[in-house]
Amino acid sequence: MSSRSERRRVSGDDLVGEAEQLVAQGFRPGLVAAHDDGDRLRVVYLFLAGRPDRRVELELSTPADHPTVPSLANISFPIGRFEREMLDLYGIVPLGHPQPRRLVRHAQWPETWYAMRAGVGAAPELDKTGRFPFVTVGGSGVYEIPVGPVHAGLIEPGHFRFSVVGETILRLKARLWFVHRGVERLFEGRAADGAVDLAERISGDTSAGHALAHSLAVEEALGIRVPDDVHRLRALVVELERLYNHSADLGALANDVGFALANAHAQRIRERLLRVNAEVTGHRLLRGAIRPGAVRLATLPNPELMREIAVDLAEVAQLTLRNSVIHDRFAGTAVLSADDATMLGCLGYVARASGLRRDARLDHPTTHLPVAEAGSTDGDVLARYTVRRDEFASSTDLIEHVVRSHSGPLTRTCDPPAAGSGSGVGITEGWRGTIVHRVEVDAGRIRRAKIVDPSWFNWPALPVAMTDTIVPDFPLANKSFNLSYAGNDL
């Protein structure tokens with residue numbers, strides 16, 4: 001489906017006014033991407049609006065020997081974080097930023113080593129030690145609880161610093177980027193039609209979502225037109241990914257309040273779904289099904305089986321919420337207001353549980369599908385649970401619709417140009433929320449890839465929701481957000 005896309009080159013003097021006008025018109029920031037063009041650095045600001053799909057790119061250039069941009073942090077909190085990321089990785093200084101602290105760079109990183117600049121060379125020895133400055137909360141009875149970055153089990157590393165009185169949290173600070181892997185740099189130089197395997201590994205539980213966003217970006221950059229039946233089959237794959245992840249989350253939330261039986265059944269359902277994934281695509285995590293210009297399925301899921309699984313999951317959710325102790329633990333816990341969710345730019349089930357209507361399947365559609373919106377206005381753990389439950393049912397309906405309406409082959413390929421050039425944006429609604437990829441392709445090879453997982457937008461919301469919540473509810477609240485460390489840290 002076509003979208004209204006506009007690109008504007010702006011000067012530093014015009015940037016703030018242009019951005020203010022777009023925000024006033026209902027646009028939100030989708031990403032901010034820096035580029036090293038040699039003697040100059042270039043910054044692309046992507047603004048998005050939905051229903052209908054609209055996209056505006058503002059492009060600003062700055063000298064490489066003294067790169068600066070006017071800060072938009074006072075207009076948009078998410079853009080302020082993107083600016084801090086650019087400062088860390090490119091050395092681009094956001095003039096007027098209210099808090100230009102390190103974001104990605106840990107204390108061991110040298111001050112003047114910018115990992116994403118061209119010709120930066122190999123990483124230096126990171127043997128310097130130092131401390132990350134946390135805000136100290138004072139007052140009578142205030143104490144701190146540090147948690148992480150190393151956690152029990154298989155959870156990825158992240159540090160949480162709680163400032164507490166009694167059991168009540170006054171302030172929570174999350175410190176991430178312990179698994180920063182330089183993923184965007186790894187895309188550079190790869191063939192445009194040969195990098196989807198890397199996209200699938202950005203965040204392992206979102207293989208299909210990132211593969212689709214990457215493929216859509218490459219297709220736009222190279223002018224590849226994909227038939228509607230390909231878009232529909234791809235949408236089916238992404239919905240399968242939503243199902244197995246939502247099932248796992250519904251069980252894990254029950255488990256965090258001691259209802260291990262519900263978790264056992266949710267995990268049983270997840271395993272059934274993973275086996276469906278393997279039958280449909282040949283891979284339990286749905287890898288290999290989506291690539292630029294193509295989709296490849298082995299079979300379609302059995303709609304009767306999918307309906308049976310949906311009924312099974314609905315019963316588990318009903319039994320969970322019928323338990324008055326569990327319902328009491330969920331309701332009113334870690335509330336994220338609609339105003340805070342809007343200001344922070346939240347996406348996915350986190351946004352929809354707080355009353356925001358944000359869904360790329362409707363805001364930035366690739367095909368017409370009967371998407372039933374799930375939502376709440378309560379913004380608590382219970383809302384984030386019920387939104388997942390309702391999305392499981394609507395995703396099952398969506399899969400059944402695609403299966404029953406599909407005719408024709410299950411494998412389709414549109415060969416990309418051998419040495420095309422251009423830029424493109426891919427947007428899809430992954431199971432956590434809206435995923436955005438932007439690529440620039442030169443002579444058939446990726447020159448720059450910018451990736452934004454919804455966790456980038458949702459991580460700052462967790463500390464906000466935890467304010468005035470008790471420490472023992474942190475695991476439950478954290479699981480209700482279920483944010484990706486790898487998808488954020490890149």
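1. Let's start with Phe-187. Leaving aside neighbours within four places in sequence, Phe-187 is in contact with Ala-195, Leu-198, Ala-199, Ile-202, His-214, Ile-446, Ala-449 and Ile-451. Contact here means heavy atoms within 4.5 Å. Please keep in mind that this is a predicted model, where local features need pLDDT of at least 70 and side-chain atom pairs count only at pLDDT 80 or more, while totals for chains, interfaces and linings use all residues. Residues are numbered from 1 along each chain as its sequence is written, and side-chain values use heavy atoms, with hydrogens and water left out.

2. Phe-187 also belongs to a wider group. The largest nonpolar core has 146 residues, and those with the most contacts inside it are Tyr-45, Phe-160, Phe-187, Phe-330 and Leu-336. Helix H6 (residues 228-255) gives this core its largest share, twelve residues. A nonpolar core is a set of buried Ala, Val, Leu, Ile, Met, Phe, Trp, Tyr and Cys residues joined through side-chain atoms within 4.5 Å. Buried means under 20% relative accessible area, exposed over 50%, and partly exposed in between (1.4 Å probe, protein chains only). As a general habit, nonpolar side chains in soluble globular proteins tend to be buried together.

3. Now find the sheet with the order S13-S14-S15, an open sheet of three strands with antiparallel pairing. Strands S13 (422-429) and S15 (445-452) stand at the edges with a single partner strand each, so one side of each has no neighbour in the sheet. From one strand to the next, the twist averages 15°. Helix H5 (residues 207-222) packs on this sheet, touching S13, S14 and S15, and its direction makes about 150° with that of S13. Axes are lines fitted to C-alpha atoms, for helices over the stretch in contact, and angles run from 0 to 180 degrees between N-to-C directions. Helices (H or I, at least four residues) and strands (E, at least two) are DSSP runs, numbered from the N terminus.

4. Look at the pairing within that sheet. Strand S14 (residues 434-442) joins S15 through seven bridges in the antiparallel sense, and His-437 stands opposite Ile-451 in S15. Two strands pair if DSSP finds at least two bridges between them.

5. Is Ala-208 buried or exposed? This residue has its place in helix H5, and its 1% relative accessibility makes it count as buried. Not counting residues up to four places away in sequence, Ala-208 touches Val-237, Val-238, Glu-241, Leu-286 and Ile-290.

6. Strand S3 (residues 40-49) deserves a look too. Nine of its ten residues are buried, so S3 is largely enclosed by the rest of the structure. Strand S2 (residues 28-36) pairs with S3 in the antiparallel sense over eight bridges, and these two strands form a hairpin with three residues between them. Ten bridges join S3 to strand S4 (residues 54-63), again antiparallel. S3 and S4 form a hairpin with four residues between them, and Arg-51 in the turn has a positive phi of about 55°.

7. Finally, what does Arg-28 do at each end? Its bridge partner in S3 is Leu-48, while its charged end sits over the ring of Phe-457, 5.7 Å from the centre. A charge sits over a ring if NZ of Lys or CZ of Arg is within 6 Å of the ring centre and within 35 degrees of the ring normal.
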